[in-house]
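Q: I am new to this structure and would like to go through some of its side chains. Could we begin once it is on display?

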Amino acid sequence: MELHQAIGQKLLLAFKGKDKPSDEIVRALRDYRPGGITLFRPFNIDNPTQLRALTDSLQRLARDLDLPPLLIATDQEGGQLMALGDGTPLPGNMALGATGSEELARRAGEVLGRELAAVGVNVDYAPCVDVNVNPQNPVVGVRSFGEDPELTARLGAAMIAGIQSQGVAAAAKHFPGHGDTASDSHLGLPTLPHGLERLRAVEFPPFRAAIQAGAKLIMSAHIGLPAIDGKDAPPATLSKNILDGILRRELGFEGVIVSDALDMHAIGQGDALGPNAALAANAGVDLLLATTDPLDQRRIHIALTEAARDGTLARDEFAASAARVLSLKKWLGDTWSQPDLSVIRSAEHMEVAREIAEASITLVRDETGILPLKLTPDQRVAVILPRPLDLTPADTSSYVTPKLAAALREFHPRVDEFILPHAPGDSDIAGIVEKARGYDLIVVGTLNAHQQTGQAALVRELLRTNLPVVVAALRLPYDLAAFPAAPTYLCAYSILEPSMRALAKALFGKLETRGRLPVTIPEE
């Protein structure tokens with residue numbers, strides 16, 4: 001392979017356009033000859049039919065330009081991050097953690113892989129195998145299977161097996177582990193203040209299991225590790241000590257290393273982006289996940305070309321990296337056939353989502369014995385929910401309207417729903433508490449109330465009414481720490497419809513709550 005071709009294979013580009021490849025990406029494919037494309041929900045995805053037509057167009061364009069088949073990747077994790085919004089609404093990793101079931105994790109992976117294959121996506125940036133030991137982690141949370149490295153390792157490996165059984169490559173993320181950070185690498189550079197002994201005990205086991213399960217890719221994290229790289233530690237994406245020294249040599253990973261998105265602000269932007277991309281390549285990154293900005297794509301390509309010409313990056317390293325990418329493409333093209341779009345949200349797939357949701361619902365406490373609910377026909381129920389928002393760029397919650405009230409109405413007709421801002425103010429709280437006094441039962445859902453003071457204040461005020469109150473954490477279980485007096489508390493881990501239906505069943509005693517907390521709720 002000639003040098004310019006090897007350089008191109010290191011590039012994962014992105015673009016804005018849904019109906020067809022944009023003029024910018026057509027030029028980029030011709031000029032840079034990239035290894036692949038990342039598709040993002042707001043820029044590229046409306047529905048399965050549209051998406052399959054778009055991926056077909058991209059691959060046809062690659063053939064016309066005499067390029068190797070493209071890697072086409074997206075974030076389809078289940079739960080809070082679903083690039084294909086019309087896919088099966090799998091509750092997500094922490095819900096799977098609450099089930100503890102490798103079988104369900106594998107079946108979830110099969111659903112993810114089969115549906116992506118149907119729309120022409122051949123790389124899934126999943127699963128997230130970060131061990132979420134920090135309740136204040138703003139970016140991982142329910143994307144993690146939980147706080148137990150062994151559980152995360154088992155379920156992550158099972159999901160990888162499921163995804164890859166469908167001819168879609170899995171990318172375990174975010175190495176060396178993003179679960180104990182208190183800031184978001186989309187916004188700045190978090191650091192992980194742990195030494196190798198701790199990292200080997202907590203952060204690394206899920207990645208070791210992912211490698212043993214045959215994960216085709218591992219995604220690097222933009223987090224610094226001072227214990228490995230010193231006081232001014234760079235992001236792991238730029239660290240040869242971490243990617244080559246630990247991931248390649250210590251853990252023995254021989255597959256493709258892909259960077260997290262290079263537009264995240266843990267990485268220097270603007271004119272610094274090109275040199276940082278070259279540093280990432282030198283550290284061992286095989287695929288550089290670029291943004292939709294044509295100028296940034298040009299910066300990265302120029303920097304790689306200059307690094308190759310001046311010897312900063314050895315040509316044999318470019319060749320070795322390209323060989324790993326082409327080996328992945330060969331695996332993707334070997335024997336797999338594309339499923340029909342009818343597999344998406346098929347009865348079989350929706351059954352998997354239902355089973356996960358029902359097995360995950362966790363009853364943390366019911367001190368007053370209010371459950372299962374026994375209501376007379378004339379009693380009124382108020383369902384109070386915050387409006388979902390995307391709490392991090394790695395989030396698609398804003399696309400979802402939780403259907404908890406509708407699910408409860410299947411068991412009791414007199415249910416009214418009240419939607420409040422995600423961060424309710426004093427007047428919002430006072431108004432809804434006054435309305436709630438006219439009801440016989442309050443069901444209030446929370447979305448990370450342990451980090452959202454308005455939601456926490458709302459729950460505390462509702463508890464002061466002395467009305468029966470059921471509190472359900474619809475995202476992270478840690479919310480109970482913000483209102484420890486709540487006598488009845490459940491965890492659903494997801495706002496998607498299967499979880500709302502499962503929660504309603506649990507409240508009315510139509511299913512046994514079998515879920516177990518996959519994280520520890522902090523003391524008050």
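Q: Is Cys128 buried or exposed?
A: Cys128 counts as buried, because its relative accessibility is 0%. Buried means under 20% relative accessible area, exposed over 50%, and partly exposed in between, with a 1.4 Å probe and protein chains only. This is a predicted model, in which local features need pLDDT of at least 70, side-chain atom pairs count only at pLDDT 80 or more, and totals for chains, interfaces and linings use all residues. Residues are numbered from 1 along each chain as its sequence is written, and side-chain values use heavy atoms, with hydrogens and water left out.

Q: How many disulfides are there?
A: The count is 0 disulfides, where a disulfide is a pair of cysteine sulfur atoms within 2.5 Å.

Q: Why is Cys491 not bonded to Cys128?
A: The closest cysteine sulfur to that of Cys491 belongs to Cys128 and lies 19 Å away, which is too far for a bond. Cys491 is buried, at 1% relative accessible area.

Q: Changing topic, how many aromatic pairs are there?
A: There are 7 aromatic pairs. Rings of Phe, Tyr and Trp (its six-membered ring) pair if their centres lie within 6.5 Å; planes under 30 degrees apart count as stacked, over 60 as edge-to-face and the rest as tilted. One of them, Phe40 with Phe43, is edge-to-face, at 6.2 Å centre to centre and 75 degrees between the planes.

Q: Which residues are in a cluster linked by ring pairs?
A: Phe175, Phe204 and Phe207 are linked in this way.
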